[in-house]
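This report walks through one protein chain for a reader who has not seen it before. Please keep the sequence and the structure in view while reading.

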Amino acid sequence: MTEEAPAAPTPSDGTPMIRMADVQKHFGDLHVLRDINLEVARGQVVVVLGPSGSGKSTLCRAINRLEPIDSGTIEVDGRPLPAEGKDLARLRADVGMVFQSFNLFAHKTILENVTLAPLKVRRTPKADAEKRALELLERVGITNQRDKYPAQLSGGQQQRAAIARALAMRPKVMLFDEPTSALDPEMVQEVLDVMTGLAKEGMTMLVVTHEMGFARRAAHRVVFMADGEIVEDAKPDTFFTAPRSERAKDFLGKILTH
Ligand SMILES: Nc1ncnc2c1ncn2[C@@H]1O[C@H](COP(=O)(O)OP(=O)(O)OP(=O)(O)O)[C@@H](O)[C@H]1O
Ligand SMILES: [Mg+2]
């Protein structure tokens, strides 16, 4: 764990890659996103922390419009989230998402999983889609698994395939929702290594994770949520050594001692 935290990126212009302003979201009576204001600059890596039920997954899903919001604004690269249709498909292509469960297509090979969306959504010619897919499989270290089906891979390999699949669409932003939580401990690092590599290359990333080592090493910012609110937004070092709120202190006390 000697890697340096990446240098803070300089945005090429003032437009944040992700912008959420005054976002509210309820599930029935439950207020799950409370007045969320969050900007993520181009190339920035933000780790989202918080207790179970604090709204981290809902926040991620809102950015991809997998969850509609009640009010407020969400923009990706300066454009408001489209409601539906072709524009929504384009947004989903721009915002890659990796979940805890790998969500690969079980009846397609790893190579087919990675080429599917470029072929169908981007209408990329097959040879180009395969060339790009093989580059990505190489990059995540699973080229030799290309003709296997997901169930024939380890959890770590499946999650790396899921990352390659998201990258195949050349997204502007990658959202990760607890990408290593379902993995056996020995497979966590291989996935974090791929994510750290992406961060270093300047991908804009929003990452929900309990991997504090990753947060310290790779994140530019830590956002701490509780009860649907952003309670703290700080540099990792500041957050871990000097959290301001009682809720963050309590949370850190629990995760650092368990
Ligand atoms: N589809 C839904 N319908 C109703 N309530 C929901 C729905 N999805 C989430 N919730 C509730 O919204 C709140 C926030 O959930 P969310 O999944 O965003 O939390 P989280 O911070 O990701 O938690 P965890 O760490 O357990 O993944 C929780 O109280 C949850 O029960
Ligand atoms: Mg969650």
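The text below goes from the whole chain to its cores and then to single residues.

**The chain as a whole**

The model is predicted. Its chain holds nine helices and ten strands. The radius of gyration is 18 Å, close to the 18 Å given by the globule rule for 258 residues, so the chain is as compact as a globular protein of that length. Measured out along the principal axes, the C-alpha trace spans about 55 × 40 × 40 Å.Of the 258 residues, 51% are buried. Among contacts between residues at least 6 apart in sequence, 68% join residues at least 24 apart. The accessible surface comes to about 12400 Å², and carbon and sulfur atoms account for 48% of that surface. The chain carries 34 positive and 35 negative charges, and the mean positions of the two sets are 5 Å apart.

**Two nonpolar cores**

In soluble globular proteins, nonpolar side chains tend to be buried together. The largest nonpolar core here has 52 residues. Within this core, the residues with the most contacts are Leu49, Ile163, Met174, Phe176, Met195, Met205 and Phe239. Helix H6, residues 185–200, gives the most to the core, with eight residues. Another core lies apart from it and has 27 residues, including Ile18, Met20, Val40 and Val46.

Which residues does Leu49 contact, leaving aside its neighbours within four places in sequence? They are Lys56, Thr209, Met212, Val222, Val223, Phe224, Met225, Phe239, Phe240 and Phe251. Phe239 is also listed among the residues with the most contacts inside the largest core.

**Helix H1 and what follows it**

Helix H1 is mostly covered, with six of its eight residues buried. The buried residues in H1 are Lys56, Thr58, Leu59, Cys60, Ala62 and Ile63. Lys56 is also one of the contacts of Leu49.

Asn64 is in the loop between helix H1 (56–63) and strand S4 (71–76). Is Asn64 buried or exposed? Its relative accessibility is 5%, so Asn64 counts as buried. Not counting residues up to four places away in sequence, Asn64 touches Leu91, Arg92, Val95, Met97 and Leu175.

Arg65, just after H1, takes a positive phi of about 60°. The C-alpha atoms of Arg65 and Pro82 are 8.4 Å apart in space, while the two residues are 17 apart in sequence. Pro82 sits in the loop between strand S5 (79–80) and helix H2 (85–94). The relative accessible area of Pro82 is 16%, so this proline is buried. Not counting residues up to four places away in sequence, Pro82 touches Arg65, Asp87, Leu88 and Leu91. Leu91 is also touched by Asn64.

**Gln44 and Ala226**

Gln44 is found in the loop between strand S2 (30–40) and strand S3 (45–49). With a relative accessibility of 14%, Gln44 counts as buried. Gln44 and Lys200 are 156 residues apart along the chain, and their C-alpha atoms are separated by 9.8 Å.

Ala226 is part of strand S9, residues 221–226. This alanine is buried, with a relative accessible area of 3%. Pro68 is 158 residues from Ala226 in sequence and 20 Å from Ala226 in space, C-alpha to C-alpha. Not counting residues up to four places away in sequence, Ala226 touches Ser54, Val231 and Arg247.

**Positive phi at Asp22 and Arg170**

Two further residues are described by their backbone angle. Asp22 is in strand S1, residues 18–27. The phi of Asp22 is near 50°, a positive value in a residue other than glycine. How accessible is Asp22, and what does Asp22 count as? At 44% relative accessibility, Asp22 counts as partly exposed.

Arg170 has a positive phi of about 50° although it is not a glycine. Arg170 is in the loop between helix H5 (155–167) and strand S7 (173–177). Arg170 has a relative accessibility of 54%, and exposed means over 50%, so Arg170 counts as exposed.

**Accessibility of the residues described**

The table collects the relative accessible areas given above.

| Residue | Relative accessible area | Class |
|---|---|---|
| Ala226 | 3% | buried |
| Asn64 | 5% | buried |
| Gln44 | 14% | buried |
| Pro82 | 16% | buried |
| Asp22 | 44% | partly exposed |
| Arg170 | 54% | exposed |

Conventions:
Residues numbered from 1 in each chain as written. Chains lettered and ligands numbered in written order. Predicted model: local features only at pLDDT ≥ 70, side-chain atom pairs only at ≥ 80, totals over all residues. Heavy atoms only, no water. Helix = DSSP H or I, 4+ residues; strand = E, 2+ residues; numbered from the N terminus. Rg over C-alpha atoms; globule rule 2.2 N^0.38 Å. Buried < 20%, exposed > 50% of the residue type's maximum accessible area, 1.4 Å probe, protein only. Contact = heavy atoms within 4.5 Å. Areas by Shrake-Rupley, 256 points an atom, 1.4 Å probe, with all protein chains shown as cover. Lys, Arg positive; Asp, Glu negative; His and termini not counted. Charge placed at Lys NZ, Arg CZ, Asp CG, Glu CD. Core = buried A, V, L, I, M, F, W, Y, C linked by side-chain atoms within 4.5 Å.
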